[in-house]
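Ready to practise reading a protein model? Work through the exercises below with the structure open beside you, and try each task before you look at the solution.

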Amino acid sequence: MSDAPTRPLRFAAFVMNTTSHIQHGLWRHPDARQSDFDDVTLWTDLAKTLERGKFDAMFFADVVGTYGPARGDYATNLREGLQIPSNDPSVLLSALAVSTEHLGLAFTSSVIQAHPFDFARKVSTLDHITRGRIGWNVVTSALDSAARNFGADRLEEHDERYAWAEEYLEVCAKLWEGSWEDGAVLKDPVRGYADPEKVHRIDHHGKRYDVQGPHLSAPSPQRTPVLFQAGSSPAGRAFAARNAEAQFILTSNRDATEQLIRETRDLAEQAGRRRDDLAFFLGLTFVTGSTEAEAKAKEAEIDEYLAADGFLVHSNLGFDPETGEPLDPATPLSEVRTHAGQSHLQWLREAAGDREPTIADLARLSAKLRARVVGTPEQIADELAEWQRVGVDGVNVINWTLPGSYEEFVDHIAPTLQERGLMQSEYREGTLREKLFGHAQLPDSHPARRWRGAFSGGASGAAATGADVTGADATGADAARDVVEATA
């Protein structure tokens, strides 16, 4: 067993408002209720269970397209309930907010699906409703079908999507951090509701967006939501190092995980941030029992429900991205071309071990990729201590069934973790960011904080222009780099 941890791991429930999110086929299990995903009481009850167990957050994945060829067949998706049908998680969060007091509520939204002005207003509204418990998973979309749902023929190139995300986040940050000064809201019958001298346009002019402002929402408790990110490609890691506060990772190899975390923290430091400004959440699944034999028997039962077809489609790698035609099952993954999740492809190859995996191995490897921890609560605690030792800060708990996987975790695993100091026993007061990192709003080391006060010069209601701050010809990516350099 490792030495006692200096601080508890953080725990998030990784869910999606759909029937089959990650572990395809398990919705058919007699104890599973995920096919009732459109029943709000499933989610409000689950949120209360997570809060009873002192989970830090409930995190919702989301997509805005279907897996598989963009113009191809989606019959398997529908048979398996594979993220279709699915509902908008941001709408659901309001119901969860009034059902809980401390639980963080994070959701995924892609830069492809909403204009940043409208999105920033939605997030501010949710942060007000939750009293500062909102997180945003910044994604660029990895599905050509998603691009076609929003007017494009296909996804832009991988690295260009992250340049897009840089400008998108810049617009949001200007609205959240810079448009309203502290003290702008007066609520004074004589002086007025808000001070016009402290509310400003942002006048952003970039490669993709022109946004005047001002932000229509007054500053919420966090101003900027807690920023999550999941990409582990070079471009994704660079984006996370500059902008994210928490990064989700999927790996079953401790040495590789330790290296990834160390290198990403190095990048954060090079971007002018502190190494501990970025927390790493590892995706894990759990199967527990009162004995190891009981846990392994439950694992074997789970495996009987796994749907290979679902895993193959979800990998989004079994077809030619140009023609949509299925690839030969013998094709090595090293020869697979993809416009989608390059980090996912790399994780699959690493999970195969010494030999180069093929398309035929995708279903087996995808199930293996979601690293399992099987054993008694004590054995699980030992395993998590080892993950913490290599730098993991938190765990994204992936379910087999809803709500059973989380009920079992809360009732049987959490008490042992709390006894070991591996999981919090009580909630800290304050916003989600304060609970996770000890400060209510973004730290000064985050590049978005540069926009605080950046638009305060000039007459009533006016703002410094985007050109005044970032340079007249700066793209979103260039402007973001300027911000990083200014804080280094």
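**Exercise 1. Find Thr130 and work out whether it is buried or exposed.**

Start with the location: Thr130 sits in the loop between helix H4 (116-129) and strand E4 (134-139). Helices (H or I, at least four residues) and strands (E, at least two) are DSSP runs, numbered from the N terminus. Next, take the cut-offs: buried means under 20% relative accessible area, exposed over 50%, and partly exposed in between, with a 1.4 Å probe and protein chains only. Thr130 has 3% relative accessibility, so it counts as buried. Finally, look at what it touches: leaving out residues up to four places away in sequence, Thr130 touches Ala97 and Leu105. Contact here means heavy atoms within 4.5 Å.

Before you go on, a word on the ground rules. This is a predicted model, in which local features need pLDDT of at least 70 and side-chain atom pairs count only at pLDDT 80 or more, while totals for chains, interfaces and linings use all residues. Residues are numbered from 1 along each chain as its sequence is written, and side-chain values use heavy atoms, with hydrogens and water left out.

**Exercise 2. Describe strand E1: which strands does it pair with, and which way do its side chains point?**

Step one is the pairing rule: two strands pair if DSSP finds at least two bridges between them. E1 pairs with strand E13 (residues 394-398) in the parallel sense over five bridges, and Ala13 stands opposite Val397 there. Five bridges also join E1 to E2, again running parallel, with Met16 opposite Ala61.

Step two is the side chains. In a regular strand they alternate between the two faces of the sheet. In E1, Arg10, Ala12, Phe14 and Met16 point one way, and Phe11, Ala13 and Val15 point the other way. Step three is burial: seven of the seven residues of E1 are buried.

**Exercise 3. Follow Phe11 to its ring partner: where do the two residues of the pair sit in the chain?**

First, the rule: rings of Phe, Tyr and Trp (its six-membered ring) pair if their centres lie within 6.5 Å; planes under 30 degrees apart count as stacked, over 60 as edge-to-face and the rest as tilted. The structure holds 21 aromatic pairs. In one of them, Phe11 and Phe409 are 5.7 Å apart centre to centre with 55 degrees between the planes, a tilted pair. Phe11 is in strand E1 (residues 10-16) and Phe409 in helix H14 (residues 404-420), 398 residues apart, and the pair links these distant parts of the chain. Phe11 has 0% relative accessibility, so it is buried; Phe409 is buried too, at 1%.

Now compare another pair: the ring centres of Trp451 and Phe455 are 6.0 Å apart and their planes are at 10 degrees, so this pair is stacked. Both Trp451 and Phe455 are buried.

**Exercise 4. Which residues touch the most other members of the largest nonpolar core?**

Begin with the term: a nonpolar core is a set of buried Ala, Val, Leu, Ile, Met, Phe, Trp, Tyr and Cys residues joined through side-chain atoms within 4.5 Å. The largest one has 107 residues, and Phe11, Trp43, Phe55, Met58, Phe286 and Phe409 touch the most other members. Helix H6 (residues 158-178) gives the most to this core, 10 residues.

Then zoom in on Trp43. Leaving aside neighbours within four places in sequence, its contacts include Val15, Phe37, Met58, Leu92 and Leu402.

**Exercise 5. Check helix H1: how far does it reach, and what does it pack against?**

Use the formula first: the expected span is 1.5 Å times one less than the number of residues. H1 (residues 40-52) has 13 residues, and it reaches 19 Å from its first C-alpha to its last, close to the expected 18 Å. The buried residues of H1 include Leu42, Trp43, Leu46 and Leu50. Its buried residues pack against E1, strand E2 (57-61), helix H3 (89-97) and H14.

**Exercise 6. Which peptide bond in the loop between H2 and H3 is cis?**

Look at Pro85, which lies in the loop between helix H2 (75-80) and H3. The bond that joins Ile84 and Pro85 is cis, with omega about 0 degrees. Gln83 lies in this loop as well, and its phi is positive, near 60 degrees, though it isn't a glycine. At 5% relative accessibility, Gln83 counts as buried.
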